Amino acid sequence: MAPLYVARPLLPSMADLNDLLAGVWESKMVTNEGPLHDRLEHALADKLGVPMAKVFSSGTSALQCALLSLELPVGAEVITTPLTFPATAHAITALGLKPVFADIDPETLTLDPSAVERAITPHTAAVIGVHVYGTICDVERLQRICDRHDLRLVFDAAHAFASEKAREKIACMGDMSVFSMHATKLFNTIEGGLVTSNNSAWGERLSLSRNFGIASEESVQSVGINGKMSELHAAVGLLNLELFEEERAIRRGLRARYDLVLQRFPGLKKQLYQPDVYQSEQYYMLRVDPDAFGSTRDDVCHRLKEREIIARRYFWPICTDYDCYRNYPITSLQAVPVAEQVKTTLLCLPFHSGVTNAHIETIASVFEDLHAGVTIAV
Ligand code: T4K
């Protein structure tokens with residue numbers, strides 16, 4: 001059996017891609033905000049039901065440009081979660097801002113608003129909530145806190161593409177929402193990122209920040225980076241916009257199958273179900289309680305790997321464990337007890353349309369063996 005990975009890129013047909021790229025090759029305008037790039041921005045704004053959508057070269061450059069656009073004071077503190085991909089924290093640090101890690105809620109695993117409130121100091125300028133695994137943050141409470149303390153609120157929505165909560169579009173929440181459109185995401189442009197906002201006024205600064213701050217041939221108006229998306233990536237995005245809903249529907253069915261097969265094992269806790277959320281179906285995350293299940297998360301991960309099932313321990317290590325942050329003046333490495341407690345239990349199973357019934361049987365048999373206490377044969 002070929003290895004089964006946690007993610008598999010959704011790709012359009014080569015024929016469709018060739019057709020779309022023919023005009024690009026003809027014109028020789030291959031990047032720097034070309035016609036396909038503009039078409040993709042309009043199509044995304046339309047699809048996500050948001051007035052402003054700006055595309056970027058990656059989710060990371062999108063995060064950096066979002067923060068640059070906010071024009072936060074140098075050295076300002078930005079409160080975020082330790083349970084995320086390194087990109088969230090690094091985007092803050094790379095801009096000379098100070099990441100402050102507040103603890104997570106034990107059920108949603110997203111930023112705990114009470115912990116955020118406790119972490120606020122006179123230097124706090126912004127909060128970045130992460131809709132981790134597609135579980136939506138307590139947006140209302142975070143917004144109230146940010147309003148009360150005059151803080152900017154950004155959501156890292158890398159896992160929450162085309163998601164909704166109580167019929168409100170995720171793309172419209174906070175000051176800005178930032179999406180990754182990496183190959184491993186439900187909707188992808190191979191590499192790519194997206195910033196959306198209900199407030200179109202951010203659009204101009206975002207455009208400047210992704211293009212070196214260049215306002216005209218004669219004026220560089222702000223600090224910026226090269227965060228532009230090429231026409232090739234935009235072409236993949238335009239075609240994938242037609243395909244991703246079908247992929248999402250398949251994953252919804254897969255989630256139900258995993259839930260059914262795994263429910264018989266004590267000590268396995270599935271991702272929190274949020275009844276008012278229209279899920280992105282980005283990840284299938286499971287928590288393994290070693291005492292109740294009889295084996296650790298790492299045992300499960302290793303045993304699956306022996307069967308060519310490549311699950312991932314997202315997001316371990318957590319940000320407060322990173323070697324590169326040891327010498328940074330971050331709040332406290334001991335300040336996130338909930339994140340510390342859950343970090344060794346999290347496992348993401350392969351979650352895409354390439355997962356077959358045979359794969360699910362293999363996965364179930366690994367859980368069965370471990371739960372029954374069978375020792376690993378080496
Ligand atoms: N914020 C959050 C919360 C994020 O999760 C991310 C990214 C970002 C911000 C930053 O967005 P980007 O700048 O990346 O757009 C992967 C993705 O590369 C990363 O985008 C994603 N989060 C993260 C959770 O997962 P790795 O280091 O796990 O990638 P890798 O190469 O191990 O890929 C995972 C599996 O996917 C592989 O085992 C096989 C499969 N795969 C991967 C690639 C690249 C394929 O089948 N085809 C491929 O082309 O980070």
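**Ligand site and backbone of a predicted model**

Mentor: Ala-162 has its place in the loop between β6 (152-156) and β7 (164-165). Keep in mind that the model is predicted.

Trainee: What is the value of phi at Ala-162?

Mentor: Ala-162 belongs to the loop between β6 and β7. Its residue type is other than glycine, yet its phi is positive. The value is near 55°.

Trainee: Which residue does a cis peptide bond join to Trp-316?

Mentor: Look in the loop between β16 (309-310) and α12 (337-342), where Phe-315 is found. The peptide bond from Tyr-314 to Phe-315 is cis, with omega near 0°. Another cis bond, with omega about 5°, starts at Trp-316. The residue joined to Trp-316 there is Pro-317.

Trainee: Which residues come nearest to the ligand?

Mentor: The ligand has 24 residues around it, and five of them are named as nearest. Tyr-314, already met at the cis bond to Phe-315, is one of these five. The full set is Thr-60, Asp-156, Ser-180, Arg-312 and Tyr-314.

Trainee: What is the distance from a polar side-chain atom of Tyr-314 to an oxygen atom of the ligand?

Mentor: Take the other polar pairs beforehand. For the side chain of His-159, an N or O atom is 2.8 Å from a ligand oxygen. For Ser-180, a polar side-chain atom lies 2.7 Å from an oxygen of the ligand. For Tyr-314 the distance is 2.5 Å.

Trainee: How much of the ligand's accessible area does the protein cover?

Mentor: On its own, the ligand has 910 Å² of accessible area. The space taken by the ligand is the largest pocket. The share of that area covered by the protein is 75%.

Trainee: Which helices each supply at least two residues of the shell around the ligand?

Mentor: The shell draws on two domains, with at least three residues from each of domain 1 (4-240) and domain 2 (244-371). Two helices each give at least two residues to this shell. They are α3 (59-70) and α4 (86-94).

Trainee: How many residues of the shell around the ligand are charged?

Mentor: Sort the shell by class. There are 11 nonpolar residues and 10 polar ones. The charged residues number three.

Definitions and conventions
Residues are numbered from 1 along each chain as its sequence is written. This is a predicted model: local features need pLDDT of at least 70, side-chain atom pairs count only at pLDDT 80 or more; totals for chains, interfaces and linings use all residues. Side-chain values use heavy atoms; hydrogens and water are left out. A residue is near a molecule or strand if one of its heavy atoms lies within 4 Å of it. A polar contact is a pair of N or O atoms within 3.5 Å; within protein, one must be able to donate a hydrogen and the other to accept it, and residues adjacent in sequence count only if both atoms are side-chain atoms. Accessible areas come from the Shrake-Rupley method with a 1.4 Å probe; for residues, only the protein chains shown count as cover. On a 1 Å grid over the protein atoms alone, a cavity is a set of points where a 1.4 Å probe fits but cannot get out, and a pocket is an open set with protein on both sides within 12 Å along at least five of seven lines; lining residues have an atom within 4 Å of a point. A molecule sits in a cavity or pocket if more than half of its atoms lie within 2 Å of its grid points. Helices (H or I, at least four residues) and strands (E, at least two) are DSSP runs, numbered from the N terminus. Ala, Val, Leu, Ile, Met, Phe, Trp, Tyr, Cys and Pro count as nonpolar, Asp, Glu, Lys and Arg as charged, and the others, Gly among them, as polar. Domain bounds come from an automatic or database domain assignment.
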